[in-house]
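Here are some exercises to work through with the model open beside you. Try each task before reading the solution below it.

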Amino acid sequence: MEIRQIEIFVTVADERHFRRAADRLYMSEQALGQQIRKFEGELGFRLFDRSTRSVELTPEGAALIDDARRLLAQAARTEDTARHIAAGELGTVRLGYESSTVVSILPKFVIAMRAEHPGIDLMLIEHNKAGLASLDSGETDACLIACYSSIPKRFEFHLVKRELAYVALPAGHPLAQSDGLGVNDLKGVPFLGYADANGESPNRFMAQLFTNVALEAPIQHEADSYVALLGLVSAGMGFTFVTGSMRKLFAGEVAYVPFIDPAVYVDYGLALRVGETLPAADALRAVADKLA
């Protein structure tokens, strides 16, 4: 049984006339009659009583017609769904995100995706530091990341937001009221870094700062996340570097002072594998570019 046979059956039942049905189906009346006879042979019973004046459903045909209409409707819905999936308008995307993007670009990105592409289901997967590794492993289809330096050529990167680096200090620290800080200001202040980062992005960022400004500050304490680091800062354990969007955290307990000597910026955006063919990839790219 084929969908085309069902379509021919339903069209003849609607028209109750072979020639009009053939015209609707863009086929000859002879070919339509052959298809009906073939379908009846497969079913084992006649579908129509045909006279010179009318075409009527047999009792067997009448018993089958409602199911046939439902099959056609379901086939049309399936075809429509397939078109939307192929166009990137439906489906599931495994979207990774580095923890630092939660207070920078993740909320706006998710809101925009839901508003502009409601048929795409985002499966969010958190990565504390290494979103690009999740793309390499195939764990995610795309990832929102903080880009601290050049991105490897096997990835494409769509910038959403660029943020200035800030020095996070205990609110009561003597440097907390400064308008801006440089390398010389931070000498002697205990530095807080990331534990077990294995060279991944936040520690690369800090290493870049040290290289750029010749800041010699051994890590005094370590933590696994920005939130944990800022908790240590609020406890008076030392300072760390964060980006501008982090200033929402620990308000009143942590002071955020621009790092201006020299100014250092972090790029937040969407990363995908180069040549990504996921149907929804273009929708992801378009939203990221629109938010930029």
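**Exercise 1: A bridge across the chain**

Arg50 forms a salt bridge with Glu29, with 3.0 Å between the closest N and O atoms. This is a predicted model, so treat each value as computed from it.

Task: Find which elements hold Arg50 and Glu29, and how far apart the two are along the chain.

Solution. Begin with the elements: Arg50 sits in strand S1 (residues 48-50), while Glu29 belongs to helix H3 (residues 29-43). Next, the spacing is 21 residues, and the pair links distant parts of the chain. Finally, check the surroundings of the acid: Glu29 has a relative accessibility of 35%. That value lies between the limits of 20% and 50%, so Glu29 is partly exposed.

**Exercise 2: Bridges within a helix**

Task: Work out why Arg19 and Asp23 are separated by about one helical turn, and classify the exposure of each.

Solution. First, the contact itself: Arg19 and Asp23 form a salt bridge, their closest N and O atoms being 3.6 Å apart. The distance meets the rule because a salt bridge needs the nitrogen within 4 Å of the carboxyl oxygen. Second, the position: both are in helix H2 (residues 18-24), and because they are four residues apart there, about one helical turn separates them. Third, the exposure: Arg19 has a relative accessible area of 42% and is partly exposed, and Asp23, at 47%, is partly exposed too.

Task: Repeat the analysis for Asp67 and Arg70; is each partly exposed or exposed?

Solution. The side chains of Asp67 and Arg70 meet in a salt bridge of 2.3 Å, N to O. Both residues lie in helix H4 (residues 59-86), three residues apart, which is about one turn of the helix. Asp67, at 39% relative accessibility, is partly exposed. Arg70 reaches 51% and counts as exposed, because the limit is over 50%.

Task: Which residues are linked with Glu15 in a network of salt bridges, and how many salt bridges does the count come to?

Solution. Glu15 is linked with Arg20 and Arg24 in the network. The count comes to 17 salt bridges.

**Exercise 3: Two packed helices**

Task: Describe how helix H5 (residues 106-116) and helix H10 (residues 281-291) pack.

Solution. Two packed helices are described by the angle between their axes and the distance between the axes. For H5 and H10 the angle is about 125° and the axes are 10 Å apart. An angle of about 125° is neither in the range 65 to 115 nor over 145, so H5 and H10 are oblique to each other. The crossing of H5 and H10 is right-handed. From H5, the contact is made by Lys108, Phe109, Ala112, Met113 and Glu116; from H10, by Ala283, Leu284, Val287, Ala288, Lys290 and Leu291. Sorting the residues of this contact gives eight nonpolar, no polar and three charged.

**Exercise 4: Positive phi outside glycine**

Task: Locate Arg16 and Phe250, and state the phi of each.

Solution. Start with Arg16: the residue lies in the loop between helix H1 (3-15) and H2, and its phi is near 55°, a positive value in a residue other than glycine. Arg16 is partly exposed, at 39% relative accessibility. Turn to Phe250: this residue is in the loop between strand S10 (240-243) and strand S11 (254-261). Its phi is positive as well, about 55°, although Phe250 is not a glycine. With a relative accessible area of 25%, Phe250 is partly exposed.

Note on methods. Residues are numbered from 1 along each chain as its sequence is written. This is a predicted model: local features need pLDDT of at least 70, side-chain atom pairs count only at pLDDT 80 or more; totals for chains, interfaces and linings use all residues. Side-chain values use heavy atoms; hydrogens and water are left out. Buried means under 20% relative accessible area, exposed over 50%, partly exposed in between (1.4 Å probe, protein chains only). Axes are lines fitted to C-alpha atoms, for helices over the stretch in contact, and angles run from 0 to 180 degrees between N-to-C directions. Angles under 35 degrees count as roughly parallel, over 145 as roughly antiparallel, 65 to 115 as roughly perpendicular and the rest as oblique. A crossing is left-handed if the near helix is turned anticlockwise from the far one by less than a right angle, and right-handed if clockwise. Contact means heavy atoms within 4.5 Å. Ala, Val, Leu, Ile, Met, Phe, Trp, Tyr, Cys and Pro count as nonpolar, Asp, Glu, Lys and Arg as charged, and the others, Gly among them, as polar.
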